[in-house]
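Me: Please go through the backbone, sheet and surface features of the model below. Keep the answers short.

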Amino acid sequence: MAKGRRGAGPTNSDTDELPKAKLSIANLKKSLRLFGYLGKHKWKFVLGMIFLVGSAGVGLIFPLKSGQMLGYLAEETKDVETVRVELMEIGGVLLGILLLQAAFSFGRVYLFAQVTENILKALRLDTFKRLIQMPMSFFSKSQVAELSSRMATDISVISDAFTINIAELIRQTIVGVGGLVILVMTSGPIAKWFLVIIPPLTIVSILFARKIRKFSKTYQEKIAESNVVVGEALTGISNVKTFTNEDYEINKYDKLANIIREFGLKYGIFRGLFFSFVMVFVFGSVFFILWQMLFALKVDKTLTPEAFGTFMMLSLFVAGSLGGLPEQIASLQRALGATDRVFELIDGTIEDIDLGSTTDAEKTKSGEIEFKNVSFNYPTRPDFVVLKDVSFKAQTGQTVALVGSSGSGKSTIASMISRFYDPINGEIIIDGKNSKEYSLTDLRKKIALVPQDVILFAGTIRDNIAYGRPNATEEEIAEAAKKANAYDFIESFPDKFTTLVGERGIQLSGGQRQRIAIARAVLKNPSILILDEATSSLDSESEHLVQEALEKLMVGRTSIVIAHRLSTIRNADKIVVLQKGVVLETGTHSELMKHEEGLYYKLNRMQFEMA
Ligand code: ADP
Ligand code: MG
C-alpha cells in the first residue's frame with residue numbers, strides 16, 4: 001500500500017503486511033512488559049488461562065464420546081434395549097460436556113476481555129501521552145499521519161493477540177497434540193498413516209500459503225497504487241480540467257490497470273495450482289484414510305465400530321486444530337513486532353513538559369527577548385545552515401519586525417523562541433535568563449503565536465477561542481472576540497458562539513479563522529506575541545480588520561512580527577533584515593531607508609513599484 005495513504009484505519013491487508021518478529025525468548029520477554037499494565041487484574045489472566053486449559057481438555061472428551069456414539073451405526077452384536085440405555089448415557093455425558101464447555105468458555109472470554117481492555121486502555125493513553133509530548137524535531141522526521149494510523153494498527157494487532165490468538169494457540173495445541181496422542185494410542189495401525197501424511201502435507205501447505213499471501217499483498221499494493229491515481233485526479237479535478245489533462249490521467253490509470261491485470265492473471269494460475277493440490281493431496285489423504293479404515297473395519301476386522309467412530313471424530317478435530325496453528329503463530333509474531341514498536345514510542349525521549357501545571361503566565365509580565373550569536377540547522381538536514389550568527393534584541397513592549405525573502409529563516413527564529421528547537425551555537429535570553437533555564441511549560445505560557453495558516457479544531461467557535469485559556473469565563477471569551485474584531489461576524493451567524501467550524505475550520509473564511517486565532521491569543525494574554533505572516537493571505541478588507549485587531553493585541557507586549565507587506569511594519573521599533581539566515585541590517589524604517597544600497601531599501605522599492 002502506498003505510504004501515508006492509509007487514513008481509513010486498520011484493515012486486514014494492513015495487519016497482514018506488518019513485519020513479524022522472531023519468536024525468541026528476548027522478544028517474548030519484551031512483551032511480558034504488557035502484563036505490567038495489568039496491575040491488580042493479573043489474577044484474571046491466570047484464572048482465564050485455567051478456564052481455557054479446562055475447556056480445551058474437556059473439549060477432547062467431545063470427539064471421543066461422539067465418536068463412540070457414531071460407532072453404533074455399525075454395531076450389530078448388542079440388543080436394542082442395551083443400545084438404547086447406552087445411547088442415553090452417552091447423550092447425557094455429551095450434554096454435560098457442552099454445558100461445562102459453555103461455562104468455561106464464557107468465563108475465559110469474559111476474563112480475557114477484562115485483561116485486554118485494561119491493557120489496551122493504558123497502552124492507548126500512554127502512547128498518546130508520549131506522542132503529544134514528543135519534541136518538534138520528532139514530528140518533522142516522522143510522517144505524522146502514517147504514524148498515527150500505524151499506532152492504531154499496532155494496537156489492534158495486540159488486541160487481537162490477547163482476545164483471540166493466545167487463546168486459540170493454546171486451545172488448538174491442546175486439542176491437536178492431545179488428540180493425535182489419543183489417536184496413535186487407540187488405533188495404532190491407521191494412525192501411523194497420519195504421521196506419514198501430515199508432516200509433508202503441512203510443509204507444502206505452509207509454503208503455498210506463504211506464496212499466496214505474498215501474491216495477495218503485492219496485488220493489494222498495486223490496487224492501492226492505482227487508487228492513489230484516482231484519488232489524486234479527483235481531489236485535483238480542477239487542475240486536471242484547467243490543464244485539459246484528462247487524457248494524461250486516463251493513460252496513467254490505464255498503465256496501472258494493465259499491470260494489475262497481468263499480475264492478477266499470474267496470481268490466478270497460482271491459485272488454480274493450489275486448488276488442484278488441495279483436491280488431490282488433501283482430499284486424497286482424507287479418502288485414503290477413510291478407505292483404510294473401512295478395510296480395517298469390514299475386511300481385516302482390526303477396528304471395532306466404536307474405535308471407527310472415535311477415530312473419525314478425533315481426526316476431524318485434530319486436523320482442524322493443527323491446520324489453524326500456523327496462522328495463530330504468525331499473528332502472535334506480528335503482535336510481538338507491534339508491541340516492540342509501541343514500546344519504542346513509549347520509551348522515546350519526550351520534552352520536559354509539566355502536565356497539569358496551573359501557574360498563570362499573566363502574572364510574570366516583562367517579555368524581553370535577545371538572540372546572541374544563534375546558529376542553527378534542522379536535525380533532519382545537518383549540512384544545511386538555516387541561521388548563522390543571528391543576534392538581535394527586543395526590549396519589553398517593543399515591536400521587532402523580521403524581514404527577508406522566503407526561506408531566509410524568519411519562521412525558524414519564531415519557533416526557536418518557543419524552544420521548538422534549540423540553537424546549535426549561541427543562546428536565546430528571555431527576561432535575562434537563558435531560555436533553556438525555564439521549564440518549557442513556563443516559557444511557552446509567556447508566548448502566543450498567530451500563524452499564517454490557522455488550523456482550528458473541529459468544534460464550536462467558543463471552544464476554539466477558549467483553547468487559549470480553557471478555564472476562561474464566557475464574558476472573557478466574548479471580550480476576547482471583541483478585541484479580535486471577531487465579535488460581529490460571530491454574532492451574525494445563527495448559532496453565534498456555538499457555530500461549528502468544521503474539520504480544520506474549513507467552514508470559515510481565512511480572515512475569520514485568523515481573527516479567531518487572534519482572539520485565542522488575546523485570551524492567553526501573553527507577554528510575548530509572535531505574528532508569523534498573520535495577514536498575508538487576506539484580502540485588503542479583512543486584512544484591515546485583522547491588522548487593527550493585531551495592533552490592539554500588540555499594545556503592552558513584546559511582539560515579533562513577520563510581515564509580508566512591508567507597509568505594515570513601518571512603525572516597528574526595530575526591523576531585522578535577514579538573508580539566507582544571516583542578519584544583514586538592523587534599524588528603524590527611516591534608518592534603514594537611508595542606505596540605498598541596503599536590502600531593505602531594495603525590498604521596499606520593489607513592493608512600491610509592484611503596487
Ligand atoms: P521563512 O519563514 O523565512 O520563509 P523558514 O524559517 O521557514 O523561512 O525556513 C528557513 C529554511 O529552513 C528554509 O530553507 C527551509 O527549507 C528550511 N526548513 C524549514 N523548516 C524545516 C524543517 N522542519 N526541516 C528542515 N528544514 C526546514
Ligand atoms: Mg515562514
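The turns below take up single residues, then a sheet, then the surface.

Me: What kind of model is this, and how are residues numbered?
Reply: This is a predicted model, in which local features need pLDDT of at least 70, side-chain atom pairs count only at pLDDT 80 or more, and totals for chains, interfaces and linings use all residues. Side-chain values use heavy atoms, with hydrogens and water left out, chains are lettered from A and ligands numbered from 1 in the order in which they are written, and residues are numbered along each chain as its sequence is written, from 1.

Me: Is R419 buried or exposed?
Reply: R419 sits in the loop between α11 (410-417) and β4 (425-430); helices (H or I, at least four residues) and strands (E, at least two) are DSSP runs, numbered from the N terminus. Buried means under 20% relative accessible area, exposed over 50%, and partly exposed in between (1.4 Å probe, protein chains only). R419 has 16% relative accessibility, so it counts as buried.

Me: What is the phi of D431?
Reply: D431 lies in the loop between β4 and β5 (433-434). Most residues other than glycine have a negative phi. D431 is not a glycine, yet its phi is positive, at about 45 degrees.

Me: Which strands are at the edges of the open sheet?
Reply: The open sheet has 4 strands with antiparallel pairing, in the order β2-β1-β4-β5. Two strands pair if DSSP finds at least two bridges between them. An edge strand pairs on one side only, and here the edge strands are β2 (387-394) and β5.

Me: Which residue in β5 stands opposite I430?
Reply: β4 and β5 pair in the antiparallel sense, over 2 bridges. Opposite I430 stands K433.

Me: What accessible area does the nonpolar patch with F281 have?
Reply: F281 lies in helix α9 (residues 246-299), and its relative accessibility is 47%, so F281 counts as partly exposed. Patches are made of residues with over 30% relative accessible area and no salt bridge (a side-chain nitrogen of Lys or Arg within 4 Å of a carboxyl oxygen of Asp or Glu); like charges are joined within 9 Å, nonpolar side chains (Val, Leu, Ile, Met, Phe, Trp, Tyr) within 5 Å. Accessible areas come from the Shrake-Rupley method with a 1.4 Å probe, and for residues only the protein chains shown count as cover. M279, V280, F281, F283, V286, F287, L290 and L294 together have about 760 Å².
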